[in-house]
Amino acid sequence: MADERAARVARMAALAACGSPSGQLSLSVSHTEGSAAVLAGAAEHVFGVDLVRVERVTPRHSRAILTAGDAEAYGTLPSAYRDALAWALKEAAAKASGAAQHFFPGGVRLITDPLTGWLGVRLTDATPITLKAAWFVSGDLLCAVVSEAPPRGHAAQSFIYVRQASEAPVAAPPPAGAR
Amino acid sequence: MCGDSQVVGTLPYADVVRELIADVLGVPLESVHPESSLIRDLGAESIDFLDLVFRIEDVIGKRIPIGRWERFVEHRFPESGGGKLITSEIVREFAELEACR
């Protein structure tokens, strides 16, 4: 399938970009409609990525995954792709947890600091984990990334986005949010 | 719709669920078998499962609470990555469970 080809290309590029790290690497992968995004980083680092077509996520999907605790942060998201971003952030965070079925959707909370505009997600568990959120839009696809700060002494994460398997992978630092 | 009856209208649940899966995933009905993995064999993505839940709500005439599907999958497949094991038969099982609540 086109998705798997794109994911394969992105995985290889992300691992190559990491070079020869001193510790173990972990990958978070997402693919849809022939495109893929991969985030590689230290295995002990919590991070996740999700890719979704903006039009695919409707207000009905949002209503099904959002709780009252998400409302404040949800309201700050850009209206053009608010539902898709909310979905992708929750998916990315659930994947980052390593126990997606357990956390998605109610175990992930969208959070914001109204003073600074900072956006993140929190995995609500016995020991909550807060992850910083970032995203970008490429054509009709939205990519969301959530991560905690890399452990001291480890290289920064490597992010690779492949629009289609036949196109060259795009190596970029973790994407900046629309702020 | 509960107990010994496993039909929706005049169709067995299994057939109704197969049709829902084929429609949501945009695949031929004949490619949906009881043991077909929705992710590995039919290309389902995470949002497709929510669409299936919506369609099941429409069929059974009840709202399914947030997270109920995820709890069901987590219980059926406690190991991480168990989502890849979700088959048409598993979806049927969930639909009947929800219909009988």
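This tour proceeds through a predicted model, beginning with the sheet of chain A and ending where chain A meets chain B.

**The sheet of chain A**

Begin by selecting the strands numbered 3 to 7 in chain A. These five strands make an open sheet with the order 3-7-6-5-4 and antiparallel pairing. Strand 3 (47–53) and strand 4 (108–113) stand at the edges; each has a single partner strand, so one side of each is left without a neighbour in the sheet. On average, neighbouring strands of this sheet are turned by 30° against each other, direction ignored. As general background, the strands of a sheet pair through backbone hydrogen bonds, in either a parallel or an antiparallel manner.

Next, add helix 4 of chain A, residues 82–97. This helix lies across strand 3, strand 4, strand 5, strand 6 (129–138) and strand 7 (141–147) of chain A. Relative to strand 3, helix 4 runs at about 145°.

**The hairpin of strands 4 and 5**

Now restrict the selection to strand 4 and strand 5 (residues 118–123) of chain A, which pair in the antiparallel sense over six bridges. Display Leu110(A), and look for its bridge partner in strand 5, Val121(A). Then move to Asp113(A), which stands opposite Trp118(A) of strand 5. Four residues lie between the two strands of this hairpin, and here Gly117(A) takes a positive phi near 80°.

**Two backbone features in the loops of chain A**

Select Phe104(A) and Pro105(A) together. The peptide bond that joins them is cis, with omega at about -5°. Pro105(A) is found in the loop between helix 5 (100–103) and strand 4 of chain A.

The second feature is at Glu33(A), in the loop between strand 1 and strand 2 (35–42) of chain A. Glu33(A) is not a glycine, yet its phi is positive, at about 50°. By way of background, most residues other than glycine have a negative phi, and most peptide bonds are trans.

**Val29(A) and its surroundings**

Val29(A) has its place in strand 1 (residues 25–32) of chain A. Which residues is Val29(A) in contact with, leaving aside its neighbours within four places in sequence? They are Ala7(A), Arg11(A), Ala37(A), Val38(A), Val49(A) and Lys95(A). For a distance to check in the viewer, take the C-alpha atoms of Val29(A) and Asp3(A): these residues are 26 residues apart along the chain, and the atoms are separated by 11 Å.

**Where chain B meets chain A**

Finally, show both chains. In contact with one another are 18 residues of chain B and 20 residues of chain A. The two chains bury about 1600 Å² between them, with 52% of it on carbon and sulfur atoms. Select Ile47(B), Phe54(B) and Ile66(B): they supply 34% of the area that chain B buries against chain A, more than any other three residues.

How many salt bridges are there between chain B and chain A? The count is four. To view a salt bridge between these chains, display the side chains of Arg60(A) and Glu57(B), which meet at 3.2 Å, N to O. Residue pairs in polar contact between the chains, both at pLDDT 80 or more, number nine.

Colour helix 2 (46–60) and helix 3 (68–76) of chain B, the elements that give two or more residues to the side of chain B that touches chain A. Helix 2 of chain B contributes the largest share, eight residues. By type, the residues on this side of chain B divide into five nonpolar, five polar and eight charged.

Technical notes: Residues numbered from 1 in each chain as written. Chains lettered and ligands numbered in written order. Predicted model: local features only at pLDDT ≥ 70, side-chain atom pairs only at ≥ 80, totals over all residues. Heavy atoms only, no water. Contact = heavy atoms within 4.5 Å. Buried area = accessible area lost by both parts, 1.4 Å probe. Polar contact = N/O pair within 3.5 Å; in protein donor to acceptor, adjacent residues only side chain to side chain. Nonpolar A, V, L, I, M, F, W, Y, C, P; charged D, E, K, R; others polar. Pairing = 2+ DSSP bridges. Axes fitted to C-alpha atoms, helices over the stretch in contact; angles between N-to-C directions.
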